[in-house]
Amino acid sequence: HGQQPLIYAHKANYYDRGTMTHDFYRYDVANDSWYTQKLAGMPLSGLHGGRIKNKKAKDGGAAAFDDGVIYALKGGNTQQFWSYYVDGDSWVELDTMPTYTPTTGKRRRVKQGGDIVKYGPGVFFALKGNKTVEFWRYVVPMGTVARRPERSGVMAGTVPAGAPFVRL
């Protein structure tokens, strides 16, 4: 995060009475201290199977940082992909990781073994895990603004021109 070395940590929780929450923390490496201000946790509600559902982050959840934004896969057998704006302490759901495996047509979402890494400015590579060999490239769309994208969907074997996620 700029010149200041910071580490962000995400924690999925279950509280008493079945209320799910996600906690998000920031650690200042130079000062060897945790920030005391509570950060916004990754939202529970997100697109899952064509509708909005509450899902907890689990195995396969991963994140990468680029230019003041953290890009995060929720994991837990979801297809949810989020961005966290450091300066605004806010989350925005991005285009989902495609569910269907183009070569087999089987439904596979991000689960154990999922990961994402930054390759260059606005370019990331991601693995779904979940016993697949899928390798995806995500490119931040030009002129991206903090809003929930339209949900046109990506079906097996088809990737619209200019789509952020492309299977390699």
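Trainee: What makes two side chains a salt bridge here?

Mentor: A salt bridge is a side-chain nitrogen of Lys or Arg within 4 Å of a carboxyl oxygen of Asp or Glu. By that rule this structure, which is a predicted model, holds 3 salt bridges.

Trainee: Let's take them in turn. Why are Asp 23 and Lys 38 called a salt bridge?

Mentor: Their side chains come to 3.6 Å, N to O, and the cut-off is 4 Å, so the pair qualifies. Asp 23 belongs to strand 2 (residues 20–28), while Lys 38 sits in the loop between strand 3 (33–34) and strand 4 (45–48), so the bridge ties together parts that are 15 residues apart in sequence.

Trainee: How do you know whether Asp 23 is buried or exposed?

Mentor: Look at its relative accessibility, which is 6%. Buried means under 20%, so Asp 23 counts as buried. Its partner Lys 38 has 64%, and exposed means over 50%, so Lys 38 counts as exposed.

Trainee: And what makes Lys 118 and Asp 66 a salt bridge?

Mentor: The closest N and O atoms are 2.9 Å apart, which is within 4 Å, so this pair also meets the definition. Lys 118 lies in strand 10 (residues 115–120) and Asp 66 in strand 6, so the link joins parts that are 52 residues apart in sequence.

Trainee: Why is Lys 118 called partly exposed?

Mentor: Its relative accessibility is 42%. Buried is under 20% and exposed is over 50%, so a value in between is partly exposed. Asp 66, with a relative accessible area of 9%, is buried.

Trainee: Which residue forms a salt bridge with Lys 128?

Mentor: That is Glu 134, with the closest N and O atoms 3.3 Å apart. Lys 128 has a relative accessible area of 0% and is buried. Glu 134, at 2%, counts as buried too.

Trainee: Let's turn to the rings. Why is the pair of Tyr 84 and Trp 91 called tilted?

Mentor: The structure holds 14 aromatic pairs, and this is one of them: the ring centres are 4.9 Å apart and the planes stand at 50°, so the pair is tilted. Stacked would need planes under 30 degrees apart and edge-to-face over 60, so 50° falls to the remaining class. Both Tyr 84 and Trp 91 are buried, and ring pairs link them with Tyr 8 and Phe 24 into a cluster.

Trainee: How do you know that Arg 26 lies over the face of Tyr 35?

Mentor: Arg 26 is at 4.2 Å from the ring centre. The limit for a charge over a ring is 6 Å, so the distance passes.

Trainee: Which residues have the most contacts inside the largest nonpolar core?

Mentor: They are Tyr 71, Phe 81, Ile 116 and Tyr 138, in a core of 16 residues. Two or more residues come from each of strand 6 (62–66), strand 7 (69–73), strand 11 (123–127) and strand 12 (135–139). Strand 7 gives the most, with 3 residues. A second, separate core of 11 residues includes Leu 6, Tyr 8, Met 42 and Val 86.

Trainee: Why does Tyr 71 count as buried?

Mentor: Its relative accessibility is 7%, under the 20% limit, so buried is the right word. Tyr 71 is placed in strand 7. Leaving aside neighbours within four places in sequence, its contacts include Phe 81, Ile 116, Phe 124 and Tyr 138. Asp 66 is also among them.

Trainee: What is notable about the phi of Asp 32?

Mentor: Phi is near 50°, a positive value in a residue other than glycine. Asp 32 is in the loop between strand 2 and strand 3, and at 59% relative accessibility it counts as exposed. Asn 77 has a positive phi as well, near 65°. Asn 77 is found in the loop between strand 7 and strand 8 (81–85) and, at 30%, counts as partly exposed.

Trainee: What is the average pLDDT of the protein chain?

Mentor: The average is 82, and 80% of the residues score at least 70. Over residues 145–161, though, the pLDDT is below 50. Beyond near neighbours in sequence, that stretch has 26 contacts in the model.

Conventions:
Residues are numbered from 1 along each chain as its sequence is written. Side-chain values use heavy atoms; hydrogens and water are left out. Rings of Phe, Tyr and Trp (its six-membered ring) pair if their centres lie within 6.5 Å; planes under 30 degrees apart count as stacked, over 60 as edge-to-face and the rest as tilted. Buried means under 20% relative accessible area, exposed over 50%, partly exposed in between (1.4 Å probe, protein chains only). A charge sits over a ring if NZ of Lys or CZ of Arg is within 6 Å of the ring centre and within 35 degrees of the ring normal. A nonpolar core is a set of buried Ala, Val, Leu, Ile, Met, Phe, Trp, Tyr and Cys residues joined through side-chain atoms within 4.5 Å. Helices (H or I, at least four residues) and strands (E, at least two) are DSSP runs, numbered from the N terminus. pLDDT is the predictor's confidence in each residue, from 0 to 100. Contact means heavy atoms within 4.5 Å.
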